[in-house]
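I opened my notebook to look over one protein chain. I wanted to know how it is built and where it leaves space.

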Amino acid sequence: MERGIKRWIVNISQWNPTQDEFSFILSILPLHERDSITRFVKLEDRKRAIVSRLLQYALVHEVFEIPFDEIRIKRTVEGKPYLETDGKNMEFPNFNFNVSHHGDYVAIASEPLYIVGLDIVSLDSPKQETAIEFIKNFSPYLTAFEWDNIVNAGNCNEILEEFYRYWCVKEAFIKAIGDGLGYKLDRLEFHHTNWTNIFVKIDGERSREWRFWISELPKNHWVCVAKGHPKNAIKSCMRTLQLTEFLGEEENPSSLQHPKCFVLLRVEQLLPVCSGVS
């Protein structure tokens with residue numbers, strides 16, 4: 001199972017491709033992925049989009065040793081990507097992955113058994129309103145407990161940091177279950193000890209089927225991984241899994257150790273060896 005657990009991250013601010021380099025990477029991706037990249041006008045948005053796709057194909061290539069041109073990645077109705085298989089992948093029966101990008105970073109996380117969600121946030125200070133005014137826009141998605149923790153976090157910057165961390169874990173949960181805009185975020189209430197030992201209450205009851213980890217990245221970025229029992233996936237996501245009920249040690253993700261930290265990669269390391277790009 002260990003081979004199916006990956007945590008990769010790329011700092012796109014350190015990648016400045018030429019037009020030829022960008023076009024080459026575009027050429028090794030399937031046609032249907034290219035339009036979703038070239039529709040962006042700004043270079044930074046194009047960089048995030050192409051690295052997001054490249055991470056997915058490179059990860060599947062490494063785990064399953066499938067050539068890039070034979071990899072079939074599709075998306076559920078809600079937009080969660082998944083690997084299309086022949087339904088006989090018993091080594092990694094629930095192989096799933098999730099990608100996220102914000103600010104300087106693009107990342108991917110994969111799991112062979114549990115469902116996984118990933119979110120990156122970059123602290124953006126509001127320009128024409130105070131921190132409290134900005135956060136009030138999101139108050140319907142926060143519980144009273146979370147709101148109190150945020151507004152009492154300290155100065156304006158600390159308030160924003162606390163808000164973004166809460167937002168990050170909520171988004172990671174939603175992305176793990178494969179939901180889109182249909183899930184009420186105020187159903188989730190997160191508890192933590194200085195953002196360690198994180199757990200969630202769903203509709204007021206503590207869930208023991210989830211683990212969460214949040215890490216700080218340079219320049220006010222945070223990345224969160226949510227890992228849960230596959231029976232929590234929504235229907236469209238569950239149809240991409242092969243094993244939604246299991247017993248024993250695997251039954252409780254809270255008993256599992258978190259895998260190694262994110263591996264920082266360069267874009268060049270994601271390209272197929274045969275590409276000859278260094």
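My entries follow, from the whole chain down to single residues.

**Entry 1: the whole chain**

I noted at the start that this is a predicted model. I counted the elements next. The protein chain has 7 helices and 12 strands.

Then I looked up the overall dimensions. The C-alpha atoms fill a box of roughly 55 × 50 × 30 Å along the principal axes. I also checked the radius of gyration. A compact globule of 278 residues would come out near 19 Å, and the protein chain has 19 Å, so the two agree.

How much of the chain is buried? I found that buried residues make up 50% of the 278 residues. The exposed surface comes to about 14,000 Å². Carbon and sulfur atoms supply 50% of that surface.

I also looked at contacts along the sequence. I took those between residues at least 6 apart. Of these, 61% join residues at least 24 apart.

**Entry 2: the largest pocket**

I turned to the open spaces. The largest pocket has a volume of about 670 Å³. Its lining has 27 residues. Which of them lie nearest its centre? I wrote down Val-99, Ser-100, Asp-119, Glu-171 and Lys-175.

Next I asked which elements build this lining. Two helices, H3 (43–64) and H6 (156–177), each give at least two residues. Strands E4 (96–102) and E6 (115–122) each do so too. E4 gives the largest share, with 5 residues.

I sorted the lining by residue type. It divides into 10 nonpolar, 9 polar and 8 charged residues.

**Entry 3: Glu-171, from that lining**

I picked Glu-171 for a closer look, as one of the residues nearest the centre of the largest pocket. Glu-171 sits in helix H6. Is it buried, exposed or partly exposed? Its relative accessibility is 22%. Buried would need a value under 20%, so Glu-171 counts as partly exposed.

What does Glu-171 touch, beyond its neighbours within four places in sequence? I found contacts with Asp-119 and Leu-185. Asp-119 is also among the residues nearest the centre of the largest pocket.

I then picked a residue far along the chain from Glu-171. Phe-22 is 149 residues away in sequence. The C-alpha atoms of Glu-171 and Phe-22 are separated by 30 Å.

**Entry 4: the second largest pocket**

I went on to the second largest pocket. It holds about 310 Å³ of space. I listed 18 lining residues. Trp-195, Thr-196, Asn-197, Ile-198 and Phe-212 lie nearest its centre.

Two strands stood out here. E8 (196–202) and E10 (210–217) each supply at least two residues of this lining. Which gives the largest share? I found that E10 does, with 7 residues. By type, the lining splits into 8 nonpolar, 5 polar and 5 charged residues.

**Entry 5: the cavities**

I searched the whole structure for cavities. How many of 30 Å³ or more are there? The search finds 2.

I looked up the second largest cavity. About 40 Å³ of space lies in it. Its lining is Thr-76, Lys-80, Pro-81, Tyr-82, Asn-96, Cys-237 and Thr-240. These divide into 3 nonpolar, 3 polar and 1 charged.

**Entry 6: two positive phi angles**

I moved to the backbone. Most residues other than glycine have a negative phi. I therefore noted the exceptions I came across.

Asp-203 is not a glycine, yet its phi is positive, at about 55°. Asp-203 lies in the loop between E8 and strand E9 (205–206).

Lys-219 is not a glycine either, and its phi is positive at about 60°. Where is Lys-219? I found it in the loop between E10 and strand E11 (221–228). Its relative accessibility is 67%, so Lys-219 counts as exposed.

**Entry 7: Val-41**

My last stop was another loop residue. Val-41 lies between helix H2 (31–38) and H3. Is Val-41 buried or exposed? With 79% relative accessibility, Val-41 counts as exposed.

I also looked up its distance to Leu-31. The two are 10 residues apart in sequence. From C-alpha to C-alpha, Val-41 and Leu-31 are 18 Å apart in space.

Conventions: Residues are numbered from 1 along each chain as its sequence is written. This is a predicted model: local features need pLDDT of at least 70, side-chain atom pairs count only at pLDDT 80 or more; totals for chains, interfaces and linings use all residues. Side-chain values use heavy atoms; hydrogens and water are left out. On a 1 Å grid over the protein atoms alone, a cavity is a set of points where a 1.4 Å probe fits but cannot get out, and a pocket is an open set with protein on both sides within 12 Å along at least five of seven lines; lining residues have an atom within 4 Å of a point. Grid points are joined across faces, edges and corners, and a volume is the space filled by probe spheres set on the points. Helices (H or I, at least four residues) and strands (E, at least two) are DSSP runs, numbered from the N terminus. Ala, Val, Leu, Ile, Met, Phe, Trp, Tyr, Cys and Pro count as nonpolar, Asp, Glu, Lys and Arg as charged, and the others, Gly among them, as polar. The radius of gyration is taken over C-alpha atoms; the globule rule is 2.2 Å times the number of residues to the power 0.38. Buried means under 20% relative accessible area, exposed over 50%, partly exposed in between (1.4 Å probe, protein chains only). Contact means heavy atoms within 4.5 Å. Accessible areas come from the Shrake-Rupley method with a 1.4 Å probe; for residues, only the protein chains shown count as cover.
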